[in-house]
Amino acid sequence: MTQPLIQRLCIIGVGLIGGSLARALREAGEVGEVIGCGRGEDNLRAAVRLGVIDRYETDPACAVCAADVVVVAVPLGAMAAVLRSIVPHLAAGAILTDVGSAKGSVVADIERIYGQIPPHFVPGHPIAGTEQSGVEASFATLFQRRRVILTPLAETAAAAHQLIRRMWELTGAEVVDMGVRHHDAVLAATSHLPHMLAYTLVDTLARLDDRAEVFRYAAGGFRDFTRIASSDPVMWHDICVANREQLLEMIALFSADLAQLAEAIRSDDRAAILATFQRAKRARDNLYLD
Ligand code: NAP
């Protein structure tokens, strides 16, 4: 019988992403034992019951000690503390990766902890998710036909990079490599800014005096546009803090364009209004040709 790709996998933070990764690798038959780790035993017990992990440890040092791959899948704000608690206990030859939605902050955390970038660290980010959290929301097909971005550094060992690439490919994802800063700029535009817009829109409307009336007449478009405002607030708070600079640049750009549209509406510049919508429709239609 051939050996699975990973003999012993440790997932720190068995939530939507960590749980879905464990499920997908199990379905692929490419993992031996899966050990979970987190703060609360309720979630970890549920993970065992659901067959996502084989067993759990609440002490991160014990959880990682004999693992050949360690995946850190906690919110970005918890990343530094978790990494600090596991790094001294990693097995020789273990590969460390993460799934954080911003990469610059995690790379900076790692550099602070090690004093340099270690060769066995491979930063990663699956571009897949739902607005749900926790292991109960995890499912094996979450990453199928989705992209996973790896942001290996000059110091990253080729073997570690290859193994994490293979791990994600086994989940059905397409894996691409990107620079850390480029990743954070692209994600600020395509994911982080849209979440800011959805949260702010719902918050603004929810504070109107006649909000009940407003929401009663909200149609499908409103539902589609605001679905992501049901995402976990702590996770998104952490993403804002972690990707502050790049996100602020996108918010400034968007605010300027929105102000320009407001000015076109105020001054009854119908050509400008129509041109904006035509440009946007063309771009949106071309985005999803397949
Ligand atoms: P999640 O479902 O809430 O899972 C996170 C897990 O981390 C929880 O099960 C929790 O387990 C543990 N955790 C939370 N706070 C912690 C802390 N302070 N210290 C230690 N462990 C903690 O979240 P998720 O959606 O899987 O997100 C996890 C990571 O993936 C985040 O870094 C996020 O940026 C990234 N990501 C998310 C998405 C998405 O769409 N959701 C997509 C791509 C990447 P315990 O309660 O047992 O501690």
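**Close-up views of the predicted model**

**View 1. Strands S7 and S8 run antiparallel and are joined by 4 bridges.** In this predicted model, strand S8 covers residues 147–150, and one of the pairings with S7 can be followed residue by residue, since the bridge partner of His125 in S8 is Ile149. In general, the strands of a sheet pair through backbone hydrogen bonds, which may be parallel or antiparallel.

**View 2. S7, S8 and S9 form, in that order, an open sheet of 3 strands with mixed pairing.** The edges of the sheet are S7 and strand S9 (174–177), each of which pairs on one side only. On average, and with direction ignored, neighbouring strands of this sheet are turned by 25° against each other. Helix H6, made up of residues 158–169, packs on the sheet and touches S7, S8 and S9, while its direction makes about 150° with that of S9.

**View 3. The ligand is surrounded by 26 residues, and the closest are Leu16, Arg39, Val74, Ser101 and Gly134.** By residue type, this shell divides into 13 nonpolar, 12 polar and 1 charged. Among the elements, H4 gives the most to the shell, with 3 residues.

**View 4. Oxygen atoms of the ligand lie beside polar atoms of Ser101, Gly40 and Asn43.** An N or O atom in the side chain of Ser101 is 2.6 Å from a ligand oxygen, whereas for the side chain of Asn43 the corresponding distance is 3.4 Å. With Gly40 it is a polar backbone atom that lies 3.3 Å from an oxygen atom of the ligand. The protein covers 85% of the 880 Å² of accessible area that the ligand has on its own.

Conventions:
Residues are numbered from 1 along each chain as its sequence is written. This is a predicted model: local features need pLDDT of at least 70, side-chain atom pairs count only at pLDDT 80 or more; totals for chains, interfaces and linings use all residues. Side-chain values use heavy atoms; hydrogens and water are left out. A residue is near a molecule or strand if one of its heavy atoms lies within 4 Å of it. A polar contact is a pair of N or O atoms within 3.5 Å; within protein, one must be able to donate a hydrogen and the other to accept it, and residues adjacent in sequence count only if both atoms are side-chain atoms. Accessible areas come from the Shrake-Rupley method with a 1.4 Å probe; for residues, only the protein chains shown count as cover. Helices (H or I, at least four residues) and strands (E, at least two) are DSSP runs, numbered from the N terminus. Ala, Val, Leu, Ile, Met, Phe, Trp, Tyr, Cys and Pro count as nonpolar, Asp, Glu, Lys and Arg as charged, and the others, Gly among them, as polar. Two strands pair if DSSP finds at least two bridges between them. Axes are lines fitted to C-alpha atoms, for helices over the stretch in contact, and angles run from 0 to 180 degrees between N-to-C directions. Contact means heavy atoms within 4.5 Å.
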